Amino acid sequence: MNHISKENLDLLFKYALEAKETSYSPYSKFRVGAALLTKDGTWYKGCNVENASYGAAICAERTAYCKAISEGHREFIALAVSTDQDDFVSPCGICRQFISEFGPGSLPVYLLNTKGEFKLITLSELLPLSFSLEQGQKFLIK
Ligand SMILES: [Zn+2]
């Protein structure tokens, strides 16, 4: 698992909580914020963005990743996700697959609740036996 300093961990949590404040979730009222730290130390925040056409919604995690990827980042150090729930809420299946595209499996994912607590889980734990580029290439070669 990537080492993350206490200073960066504090920022990761701060940004995940801040990101939640910009959530556009008039339908579900389920606010989510995400913070992402890239390998070169750049921070990205993301919130969930819903739509009247429900399927067009995008999760906070993918918002943060798309912002980072569109700026040229491909390697990530840590991700944090916050909600308004007392329990820990983990990324949905689509986000797990999306995040796994960039890995690594050891990526620490911090889930934040409203009690100021966090749960730490790795990407591999969230999505074991994930479909990857290597597997895809094998399929294409056949
Ligand atoms: Zn999601």
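In this predicted model, a zinc ion is held by three cysteine sulfur atoms, the SG atoms of Cys59, Cys92 and Cys95, at 2.2 to 2.3 Å. Read along the chain, these donors follow the spacing C-x32-C-x2-C. The site therefore brings together distant parts of the chain, since cysteine 59 and cysteine 92 are 33 residues apart. Cysteine 59 sits in the loop between β2 (43–47) and α2 (60–70), while cysteine 92 belongs to the loop between β3 (76–83) and α3 (93–100). How open to the surroundings are these two cysteines, buried, partly exposed or exposed? Cysteine 59 has a relative accessibility of 22%, and because the buried class ends at 20%, it counts as partly exposed. Cysteine 92, with a relative accessible area of 30%, is partly exposed as well.

Stepping back to the whole chain, the protein is built from five helices and five strands. Starting at the N terminus, the order of these elements is α-β-β-α-β-α-β-β-α-α. The radius of gyration is 15 Å, close to the 14 Å that the globule rule gives for 142 residues, so the protein is as compact as a globular protein of that length. Measured out along the principal axes, the C-alpha trace spans about 50 × 40 × 30 Å. Of the 142 residues, 40% count as buried. Contacts in the protein reach across the sequence: among those between residues at least 6 apart, 62% join residues at least 24 apart.

The surface and the charges can be described in a similar way. The protein exposes about 8,000 Å², and carbon and sulfur atoms supply 56% of this area. There are 15 positive and 16 negative side chains, and the centres of the two sets lie 3 Å apart.

Helix α2, which follows the loop of cysteine 59, gives a useful example of a covered element. Eight of the eleven residues of α2 are buried, so the helix is mostly covered. The buried residues are Ala60, Glu61, Arg62, Thr63, Ala64, Tyr65, Ala68 and Ile69. Which elements help to cover these residues of α2? The cover includes the strands β1, β2 and β3 together with the helix α3. Just after α2, glycine 72 takes a positive phi of about 100°.

The loop between α1 (6–20) and β1 (32–38) holds phenylalanine 30, and lysine 29 lies in the loop between α1 and β1 too. Phenylalanine 30 counts as partly exposed, at 31% relative accessibility. Leaving aside neighbours within four places in sequence, phenylalanine 30 is in contact with Ser23, Ser25, Asn48, Thr83, Gln85 and Val89. One of these partners, asparagine 48, is 18 residues away in sequence, and the C-alpha atoms of the pair are 8.7 Å apart in space. Lysine 29 is exposed, with a relative accessible area of 63%. The backbone of lysine 29 also deserves a look: phi is near 60°, a positive value in a residue other than glycine.

Leucine 129 offers another case of a positive phi, about 55°, although it is not a glycine. This leucine 129 is found in the loop between α4 (123–126) and α5 (133–141). Is leucine 129 buried or exposed? With a relative accessible area of 85%, leucine 129 lies over the 50% cut-off and is therefore exposed.

A further backbone feature involves proline 104, in the loop between α3 and β4 (108–112). The peptide bond that joins glycine 103 and proline 104 is cis, with omega at about -10°.

Finally, aspartate 86 is found in the loop between β3 and α3, which is also the loop of cysteine 92. Aspartate 86 is partly exposed, with a relative accessible area of 46%. Not counting residues up to four places away in sequence, aspartate 86 touches Asn113, Thr114 and Lys115. Alanine 57 and aspartate 86 are 29 residues apart in sequence, and their C-alpha atoms are 24 Å apart in space.

Note on methods. Residues are numbered from 1 along each chain as its sequence is written. This is a predicted model: local features need pLDDT of at least 70, side-chain atom pairs count only at pLDDT 80 or more; totals for chains, interfaces and linings use all residues. Side-chain values use heavy atoms; hydrogens and water are left out. Donors are N, O and S atoms within 2.8 Å of the metal (3.2 Å for Na, K and Ca); water is not among the atoms, so sites may look incomplete. Helices (H or I, at least four residues) and strands (E, at least two) are DSSP runs, numbered from the N terminus. Buried means under 20% relative accessible area, exposed over 50%, partly exposed in between (1.4 Å probe, protein chains only). The radius of gyration is taken over C-alpha atoms; the globule rule is 2.2 Å times the number of residues to the power 0.38. Contact means heavy atoms within 4.5 Å. Accessible areas come from the Shrake-Rupley method with a 1.4 Å probe; for residues, only the protein chains shown count as cover. Lys and Arg count as positive and Asp and Glu as negative; His and the chain ends are not counted. The place of a charge is taken as NZ of Lys, CZ of Arg, CG of Asp or CD of Glu.
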